[in-house]
Amino acid sequence: MLRCTNASALRTGVKSCPLTRLSLGSRWSRGVSGGARAISLSYPAPRGIAPGQISAWRLPVGARRYSTNSEVTHSRDSEPLSVTQGIEDPESVDVSEELDDSEPLVASEGSEDTLLEPEPSPKSRQGITRDDLLLSIAKAGTSPKTREELDGTMPVKVSGKVVEMELKWLKDPRALSDRVGRLLHADDVLLAVALVRTAQREHMECTVAWNHLMEYCMEKNNPKAALKFYNEMKKRGRMPNSVTYTIMLDGLSRVSRDTGVHPVKTALAIYRSIFAPNSTVTPNLIHTNAMLNVCARQRDMDSLWRVAGELPEDGPGSPNCTTYSIILRAISDAAQADIVRMRHSQVEKILARKAQGVKEGKRIWSDIIYRWKKGQLEIDNLLVSAMANLLMEASTDRGCYDVFALIHQVTGIPILAKEPSDPSSKLQKKSRGIDLEEDVPFVDDSEKLYRPVEAEPEEFEQDGEEETFENVFDPIVSPGSSSPSFISVGNRELSLILEACLSMTQEFGIGAGKAYWQHLTLEDTDYKIEPDGGTYHQYLRLLRLGHSSRLALDVIRNQMVPAQMTEGRSFRIAFACCLRDRKNINVFKNANGLLHLMETSLVLPFPQALGAYLDLVRILGDRPQLLMSLSGIDGNGKRPAGGLSALGQQLRLNLQTNALEALRPCIAKLDKAMEQGLVSPVPAKGRGIRSNSSNEHAVSGEEALKVLATVRGLIDDILMPTNSKLLSKETRAQLKKESRDLRKYSNAKITNKYNNALVSPTSEQVLAYKDQQVAESSLDV
C-alpha cells in the first residue's frame, strides 16, 4: 500500500517498445539463431528466445530482433561483459556514505550465531541455489572475490556490445527503468544488473532502476541481496530517494528472520538513516508508517511504541488514519499471538489478554476522538474497521455492543440493539459489596474499633479510574454542526454490524441484526445501502442462526433476485435455514419457494442446495408429528380412513409427491447438462466451481450425481407396494419411467466420469437463461 502511493508516481504508464532497428546490414542486427540461450536465475530460457524478449510484441516491417546472448552477438572485437565489468575498483570508492554500521544489516561471518540460519533453497540445474545466485550477483558489485567466483561459475556472460546497444536507446531514465523492470519480470537478472551498473558508470539518471533491483530482491524473499544493492547504490554516489526507503521498509515487513536478516533491526537502521544530517531525503509520515508496519508484522511492540512515541502530536508528521490503523492491527495481532501460545484450559488468562488488547485499543481511540473533535484528524472507514475488529476480539456481548456504539459515533446510525450488562462492573460491585459486609467492627484489647488500612483500596480505585474508557464511544458530532462530520456509510460498515451480531449470543444478536438490515437496506434514509454479495450472505447466515426460513425467502425473492446477486451458495444457506426451521408449519412452502427461485435465477441448480432440500423432505417424512401440522401437503383434501397410521402414510406420500413435482424442473436441467454439457476436471487450486469465465455456471459433477441418485431413491420410495392403492396407474407408470431414466447414474463408469469433474450447461441452457433475464429486465422497465 505504501509503495503504491509513492513508487507509482515515478513508474509512469509510458510503454517502452522492444529494442529494434531497421535492417542496415550491420552485424548486430541479425536475428536470433538456433541454440541461443538466456541467462535466468532458475533455469535457461527456451531456445530461440532472447532474454527479456516478449513474443507478443509485433515488429514493424523491415525490423529484426537481436539477441542479447554472447554466443550470437559477441564478435572478435568485443569482449564479454561480466556482471561487474565497468565498475570502479571498490577499494577506490569512498565508503563514507555507507549505511551506519552501528546496526548490523546483514549477518556477517562473525555474527551469524545471532541470526537464524537460512533454509536451503531449491537447487538449479547448475547446482547453485537461486537465492545464492542472486546474492552473488549483488555481492559482485563490491566484492572482488565474489566477482571472480561468479565469473568462473557462470556458463554464459552478458556481452558488452549488447549492454552498449541497449543503453544507446535508453538515454531517457524512464525508458531505462521500464526496460530493467521488464527484464526482472522475465528473471533476466544478469542483463538488468549490467544495464544498471553500466548506466551508473556513465552517470545516467538510474535511481528508479536501482529501486527496481531492490524491489525484485524483496519480492524474491532475498533481503540480503536487496541490502547489497542498497549499499552499492550509495557507494557509487547514487543517493536513495524517498521511494527507495519505502521499498526497503515495505520489503522488510514481509520477510522472516530465516533469511539471515533481522527485519526490525535492519529496518530501524534504514529508518534512522533518513534523519541523518547527510540525508538528502526529507522524512515524511509514509516512511514512519512503513516502519510501524515492519514492527507490527514482526510482532515487535516495543519498537512500535518507541517509533510511534517520536511522532508529534499535531502538525506535519503527526499520526494519520493509516498510522492509527497499523497500531490497532498490531495490538490485535500481538494479542492473538499471545493467546495462541496459551493452553486452551487457561480460560481466565485468555480472556484477560483479550481484555488487555481491547483496553489498549480504547486508549488509542480516545486520542483519535480527541484529535477528530479538534479538527486535527479526518477519520476514514479503514480506521473504523480496524477498531471494530479489535473490539470483537474480546468475544463478549459487551465488546460487540461497543461496535454498534462506535458505528453510531462516526456515522450517526442509531443503536438498534439491547445493551448487555457489563460482567466486569457486576463483579466489581459484588466484590465491593462483599467487602462492606465483611467489614465487621472488631475491637482490640483497648476497647477501640479496629479498621483495616485503606491505602490499598484507594490505590486500587485510582488504578481503576485510570483504566476506565466507558465514555470513549459517546456521540461527538452534534446535530447541525459541520465539524467534525460523519464518515460515509457503505457495505464495510454493514458487514461490521452483521459480524458483530453473529458474534453475540442469540438473545442480543438475532434481533439486532434483523433491525439493522431493515433500517439500512429497506428504509428510506440518507445512508441507505445497496448490499453486495458478501453482506447478503452474512445476513443469510444470521437468519440461519435464527431459524428464519421465511425471512430468507423474502430476502432472496425481494432483494437478491431483482439485483441479480443470487448464486449457488445463496440457496445453500437459505435451505440450511429451512433445515433448522423444520418445526415451522410453513417450512415446506418456504422451501418450495426457494426451489422455484433457484430454478429460475440460475442456469443450473446448485447440487448442494438440492441435497439440503432432499434432506428436509426426508426429515419431515420421518416425523409424523411434524406432518400433522405441516401446510402445503394436503393433497386432495380428503382424510383417508383407517386411523392415524393411514393418515400418516397418506401425509408422507403427499409430501414426497409434492417434493418430486417441485424438483422435476431442476432435475431435468441437471440431466440435460450431464448428458450434453461439457465435463471438465476440477482445477487444482480452490474448489474451482467458478474459477474462470469458461465454466462460470458449472457445478460439481460429483454432487450432481449424488442428487440424481437421491432423487431416484425418493421415486422408488414412492413406488413402495404399501403406496400402490394410493397412486393411480398413470402416476405409477410415469414414476417407473423416471426411475429407469435415472438408473444410468448408478453405473460405476458414470461415477468415475463425474468424479472430481465440473459439469457446464449447454449453450441452449445459457441462451435460454439470458433471454429470460432480458425479458425480466424489460418487464421491470
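The following paragraphs lead through a predicted protein model, from its overall make-up to selected local features and the confidence attached to them.

The protein contains 32 helices and 7 strands. Of its 781 residues, 46% are buried. The accessible surface amounts to about 40,500 Å², and carbon and sulfur atoms contribute 50% of that area. Long sequence separations dominate the contact list: when contacts between residues at least 6 apart in sequence are considered, 74% of them join residues at least 24 apart.

One annotated segment can be placed on this framework. An unreviewed UniProt entry assigns the feature "repeat: PPR" to residues 206–240. In the model, that span is 74% helix and 0% strand, and the C-alpha atoms at its two ends are separated by 11 Å. Helix H8 (207–219) and helix H9 (223–235) are connected by a loop, and this loop holds Asn-221. The backbone of Asn-221 deserves attention, since its phi is positive, near 60°, in a residue other than glycine. For context, most residues other than glycine have a negative phi. Asn-221 has a relative accessibility of 35% and therefore counts as partly exposed, the limits of that class being 20% and 50%.

A second asparagine shows a positive phi as well. Asn-756 is not a glycine, yet its phi is about 55°. It is located in the loop that runs from helix H31 (748–753) to strand E7 (757–759). Asn-756 has a relative accessible area of 53% and is therefore classed as exposed, the threshold for that class being over 50%.

Strand E7, which follows that loop, belongs to an open sheet of 3 strands. The strand order in this sheet is E5-E7-E6, and the pairing is antiparallel. Its edges are formed by strand E5 (679–681) and strand E6 (699–700), each of which pairs on one side only. The antiparallel strands E6 and E7 are joined by 2 bridges. Within this part of the sheet, Val-699 stands opposite Val-759 of E7.

Elsewhere, helix H14 (residues 321–340) includes Asp-338. With a relative accessibility of 23%, Asp-338 is partly exposed, as the buried class requires a value under 20%. The side chain of Asp-338 makes a polar contact of 2.8 Å with the side chain of Arg-353. The residue can also be related to Lys-354, which is 16 residues away in sequence; the C-alpha atoms of Asp-338 and Lys-354 are 9.5 Å apart in space.

How far the coordinates may be interpreted depends on the confidence of the prediction. The mean pLDDT of the protein is 78, and 73% of the residues reach 70 or more. Confidence is highest in helix H23 (residues 549–560), with a mean of 96, and lowest in strand E1 (residues 21–22), with a mean of 32. Two further stretches remain under 50 in pLDDT: residues 454–465 and residues 686–694. Their contact counts can be set side by side. For residues 454–465, the model has 0 contacts beyond four places in sequence, whereas for residues 686–694 it has 18 such contacts. Where pLDDT is low, the predicted coordinates should not be read in detail. That caution applies to the 18 contacts of residues 686–694, where pLDDT stays under 50.

Note on methods:
Residues numbered from 1 in each chain as written. Predicted model: local features only at pLDDT ≥ 70, side-chain atom pairs only at ≥ 80, totals over all residues. Heavy atoms only, no water. Helix = DSSP H or I, 4+ residues; strand = E, 2+ residues; numbered from the N terminus. Buried < 20%, exposed > 50% of the residue type's maximum accessible area, 1.4 Å probe, protein only. Contact = heavy atoms within 4.5 Å. Areas by Shrake-Rupley, 256 points an atom, 1.4 Å probe, with all protein chains shown as cover. UniProt positions renumbered as here; feature names shortened; annotations may be inferred. Polar contact = N/O pair within 3.5 Å; in protein donor to acceptor, adjacent residues only side chain to side chain. Pairing = 2+ DSSP bridges. pLDDT = per-residue confidence, 0-100.
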